[in-house]
Structure formats: C-alpha cells, structure tokens
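Here are my notes on this one, set out point by point. Have the structure open while you read.

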Amino acid sequence: MSIDSKPRQPKGIPVGGQYAAYAHAEPGNVLAAARHRQAMAERRELFRAQGFVPAATLRTLTSPTTTAHRDEWWNNNFVAAEYGAGGKNYPQMPDDNTPSMHEGQAMSGKRRTHRMNYGNNDIQLRMPSATAIRRFSGDNGNPTFDVPVSVSLRGGAPVQGWVRVTKTGPHTWETTTLGGAGASNGPASEQVAEAVAAVLESRRVTTALAKVPDLLAARKAREAAKGAALTPVSSSWINEVGFDENTNTMATRIGDKLYGHKVSKQFFEAMKTSERPGQVFNKLVRAHQRTAVTQCGTCFRFTSALVKHTCPTGHKAVSGIGQGHVERARQRAEAVAASQSHGVNPVVNIAPAPAPVNTAPSRNAQPVPTKKTGFPAPRRPAAQPATAPETGPAALAEHLKTTDTAGF
C-alpha cells in the first residue's frame, strides 16, 4: 500500500490513477503582491495623518505597453503622488483633460485624459499624451505641475510614479522625477526624466524616443549646457572657482581672466576647501590639460567652450491652480490605499532582529575552575527594556526613503 500523499488523477480518464502534478504558486507574483500591499499600508497611514505626503514610486504588474487596467493605472498613480500640507500643492495633470469633456470614467464624471505609449529599446513609457500635457500647460499659463507615468526600463520591473514638468521655452521643458530623497540622482531617474522631456520637446512625438538611442548621454548633454556656478575662495590672487561634473571641467578666475582645466572633482574639492587655494592650484591643477571655458553674462555660469550654453530656469513656485482636483485625488488615494492594504500594518523598523547567541557549553566542554575570593558575586546589571521602533508619519516618511518605493 502506498502512503504517498501526492494526489492522483481521478479514475475514468485516460491517465486515471497516475500521480497528478502539484500546482505551485508563483513566488515572484506572491512577493510582488505582498510588497504592494505593504507599500499601500505605508501610504494609507501617511494619508490619515493629514500632513505632507512625499511622492513614491510603486511597482505595478501592468506593462506600459498596454492600454488595459485604466482604473488601476490612475488609482495607483493618485496613491503615489505628492500631497502638500495646508493646501500647498503642485497641480497634477488631471485625469479628465480632454477638449470636448464628454461623459466618461474620470473622477469628475468626464472622459479620461488620453494616454500614450512612447518608447525605444531601453525604455517603455506611458503617460498622458504630449498633446494633452501641452494643452494643460498652455491653458494655465505654463505653471510647474506633476505628470503621472508608468515606466519599464530594459531588464527592470514596471513601476508607476510622477514627473514634475515646466515649460521653459517654445520647445524646451524642465523635467524632474519625484519619489523621495535621492530619487533624482539615480541613472534610472535620469532616463525617465530625459524621456519625458524628449517627448514633450519633439515635433513628432511618436518617434521622439527612437531618435534618442542613449537617454543618459542626452541627459548629460542637457545638464552640461546649463554650466556650473563660480564661488569665491579665500585667496590673495584667486577670485573664484567652479567645477562642471558633466564635462569634468574646472574654471578658475584670476583677476579678469577665466582659466579652464580638465581635472577630477577630488582636485577641485581639495582646492576649494584648502586654506591656501593658490598653493593647491600650483601643485595639483596647473599641470593638467588646459581647456577653453566661457562665462554667460546673464546667469554668470561657466561652460566648456565646446558646449552651447542654455541658462537654467528650473521649476516655478506653487501656483495654486487645480487644487480642487488635487484634493479629490487625495481622497481617492486614501480610499484606494486603505482598500488595498486591509489588515496590513506598515513595517517601519525593517532592520532584522539580531540572531540569538548560543552561550550554553557543549556536551564535552570541561568546567572552568573558579577561584574563591570570599567576596560576594558581583550583581548583574538589570536588563534594559528593548527600545520600541519609531512609529508615526515622520517615521513612515523616513522609511519610504529606504525602500523600493523611494524612487525610479
């Protein structure tokens, strides 16, 4: 008699009586769902605190190449958005920005904003169409506002988040990814920001990203065009110094002349922080390769002479428009986060507990002889109570910076 508990196929079919295959759960999907519920629980608590809610980047199972799951796409992005305290919010690209404003499934009851997929070999990006974004910007005086996106980078899982955009010229846009501290410094973040800018600046948006084979190189060139600032130093003969990380160019102003050298940032920092910058310049910088630099008479930043300069503009202050939509989005986000995290408590202190140390002697260990002194045994210090992990909105906001919801 077999005592194998493995299930058998029922009798009466061609393979009746044979062992059936177990149906194993897919651990990747199970883990992704658990992480999603945990992220939703963290967002839920931040919404309930009614304070500032930082933007987050949430993982999603929906590819940016599909138009399906519109409700889920918009709802998850509402949850991931930034919400200011005291009603000071950057406006969000609304989910009902259409010319005709017919009835539909948006929060307002109108038709939803048209979304488009833009991509190349390195990135797939879904966001409101470039036409809709440009129209919203122009209708409101070109303010700074936030645009929802979903992104899939080559070799990475799809995520959802927001990009802050500002129209800075007839065909130029400033773009910055949101999602927590440090989010704007990573290579993935730079790719996403550059992809959005390339689409908004292109005359033929459907082929915009196909014309940008290397998004990181394009982003670096964009930043290099802005140049770098000069700062004064305490020296008897050197007036100002500056360093452009995008071109590894250091500029040194001596009197009314500006000199450029190709050096590492380490040399620049050594000179900038030295009590004798002139001595460091003569010892570490002067022998390096010279390069031509120019200074803009408008913004007073310097650039390499080989780079066409563009004065940086940056984002604008909060304009105060669209606050009704942002408030509705916040209420929707809180409801969605609560429904998708029911029964889940947010984990704030994610550091693993230390492993217990086995202090028991082994079976063959010899007893350690003790020396009798006649003095009473020293008292053991009382055990200190374990410190409770920090809780509350501030701790949750800090925790979001260290999890995979912190940025692209």
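1. Start with Asn89: a polar atom of its side chain sits 2.5 Å from the backbone nitrogen of Gly84. Bear in mind that this is a predicted model. Asn89 belongs to the loop that runs between α2 (70-80) and β2. Is Asn89 buried or exposed? With a relative accessible area of 8%, Asn89 is buried, because the cut-off for that is under 20%.

2. Staying with Asn89, look at what surrounds this residue. Once neighbours within four places in sequence are set aside, the contacts of Asn89 are Tyr83, Gly84, Val318, Gln323 and Val326. There is also a pairing with Phe52 to check: Asn89 and Phe52 are 37 residues apart in sequence, and their C-alpha atoms are 9.5 Å apart in space.

3. Gln160 is another buried side chain to look at, with a relative accessible area of 2%. You'll find Gln160 in strand β5 (residues 159-169). What does the side chain of Gln160 have within reach? One of its polar atoms lies 2.9 Å from the backbone oxygen of Trp73. The side chains of Gln160 and Asn76 are also joined, by a polar contact of 3.5 Å.

4. The wider surroundings of Gln160 take in several stretches of sequence. Leaving out neighbours within four places, its contacts include Ala56, Thr57, Leu58 and Thr60. Glu72, Trp73, Asn76, Asn77 and Ala80 are also among them, and so are Val149 and Ser150.

5. Now for the sheet. Four strands make up an open sheet, ordered β7-β8-β9-β10, with antiparallel pairing. β7 (231-232) and β10 are the edge strands and have a single partner strand each, so each has one side without a neighbour in the sheet. β7 pairs with β8 over two bridges, and Thr231 stands opposite Val241 in β8.

6. Moving across the sheet, β8 and β9 are paired in the antiparallel sense over five bridges. Phe243 faces Met250 of β9. These two strands form a hairpin with four residues between them. On the other side, β9 pairs with strand β10 (residues 257-262) over six bridges, again in the antiparallel sense. There, Thr252 is opposite Tyr259 in β10. β9 and β10 form a hairpin too, with two residues between them, and Gly255 in that turn has a positive phi of about 70 degrees.

7. How much of β9 is covered? Mostly covered is the verdict: five of its six residues are buried. Helix α6 (residues 265-273) is worth bringing into view here, as this helix lies across β7, β8 and β9. Its direction is at about 160 degrees to β8.

8. Two residues deserve a second look for their backbone angles. Asn248 is not a glycine, yet has a positive phi of about 50 degrees. Asn248 is in the loop between β8 (240-244) and β9 (249-254), and is partly exposed at a relative accessible area of 40%. Phe300 is not a glycine either, and its phi is positive at about 65 degrees. Phe300 sits in the loop between β11 (293-295) and β12 (302-304). Is Phe300 buried or exposed? Phe300 counts as exposed, because its relative accessibility is 51% and the cut-off is over 50%.

9. On to a helix pair. The axes of helix α4 (residues 187-201) and helix α5 (residues 215-226) come within 8 Å, crossing at roughly 75 degrees. That puts α4 roughly perpendicular to α5. On the α4 side, the contact residues are Pro187, Glu190, Gln191, Ala193, Glu194, Ala195, Ala197, Ala198 and Glu201. On the α5 side they are Leu215, Leu216, Ala218, Arg219 and Arg222. By type, this contact has eight nonpolar residues, one polar and five charged.

10. Last, Asn121. This residue lies in the loop between β2 (115-119) and β3 (123-128). At 69% relative accessibility, Asn121 counts as exposed. How far apart are Asn121 and Ala210 in sequence and in space? They are 89 residues apart in sequence and 8.0 Å apart in space, C-alpha to C-alpha.

Conventions: Residues numbered from 1 in each chain as written. Predicted model: local features only at pLDDT ≥ 70, side-chain atom pairs only at ≥ 80, totals over all residues. Heavy atoms only, no water. Buried < 20%, exposed > 50% of the residue type's maximum accessible area, 1.4 Å probe, protein only. Polar contact = N/O pair within 3.5 Å; in protein donor to acceptor, adjacent residues only side chain to side chain. Contact = heavy atoms within 4.5 Å. Axes fitted to C-alpha atoms, helices over the stretch in contact; angles between N-to-C directions. Parallel < 35°, antiparallel > 145°, perpendicular 65-115°, else oblique. Nonpolar A, V, L, I, M, F, W, Y, C, P; charged D, E, K, R; others polar. Pairing = 2+ DSSP bridges.
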